[in-house]
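Hi,

Here is the model I promised you. Have a look at it first, and then read my notes below.

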Amino acid sequence: MKLAATVASAALLSAMAAAAGDNASFTELDQDQSGAIDQQESQAHEALAEKFEMADRDGNGELDRQEFTYAMARIQMEAGAEKRS
Ligand SMILES: [Ca+2]
Ligand SMILES: [Ca+2]
């Protein structure tokens with residue numbers, strides 16, 4: 001039963017990611033492997049590039065993993081909200 005629940009939630013997560021049209025990962029976008037996504041690297045992901053300044057919460061000009069995760073959650077939430085309206 002536990003295994004079935006794990007598989008179901010993994011499927012749900014990938015369905016959500018697919019619904020948002022977003023399979024980009026932090027490591028894919030961090031082209032120079034610096035451990036952060038700068039504004040130029042963010043251009044590879046249109047929705048992220050649009051939100052770059054909002055996403056860069058500490059204002060250091062790049063997105064660390066935490067900022068990236070937060071930004072992607074925001075993007076997916078907004079994508080879901082648009083579909084419902
Ligand atoms: Ca980088
Ligand atoms: Ca930052």
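The exposed residues Gln66, Ala73, Met77, Gly80, Ala81 and Arg84 sit on the face of helix 6 that is turned away from its buried side. Please keep in mind as you look that this is a predicted model.

What about the other side of helix 6? The buried residues there are Phe68, Ala71, Met72 and Ile75. They lie on the same side of helix 6, because they cover an arc of only 100° around the axis. In general, an α-helix has 3.6 residues a turn, so residues three or four places apart point the same way. The packing partners of the buried residues of helix 6 are helix 2 (26–29), strand 1 (37–38), helix 4 (46–50), helix 5 (52–55) and strand 2 (62–63).

I also looked at the length of helix 6, residues 65–84. With 20 residues at 1.5 Å a residue, helix 6 should span 28 Å, and this agrees with the 29 Å between its end C-alpha atoms.

Stepping back to the whole chain, the protein has six helices and two strands, in the order α-α-β-α-α-α-β-α from the N terminus on. Of its 85 residues, 16% count as buried. Among contacts with a separation of 6 or more, 37% join residues 24 or more positions apart.

One last residue to click on is Gln33, in the loop between helix 2 and strand 1. Its phi is near 55°, a positive value in a residue other than glycine. Gln33 counts as exposed because it has 7 C-beta neighbours inside 10 Å, and the cut-off for exposed is 12 or fewer.

Best wishes

Technical notes:
Residues numbered from 1 in each chain as written. Chains lettered and ligands numbered in written order. Predicted model: local features only at pLDDT ≥ 70, side-chain atom pairs only at ≥ 80, totals over all residues. Helix = DSSP H or I, 4+ residues; strand = E, 2+ residues; numbered from the N terminus. Expected span 1.5 Å × (residues − 1). Buried ≥ 20, exposed ≤ 12 C-beta atoms within 10 Å, placed from the backbone. Arc of directions from axis to C-beta. Contact = placed C-beta atoms within 7 Å.
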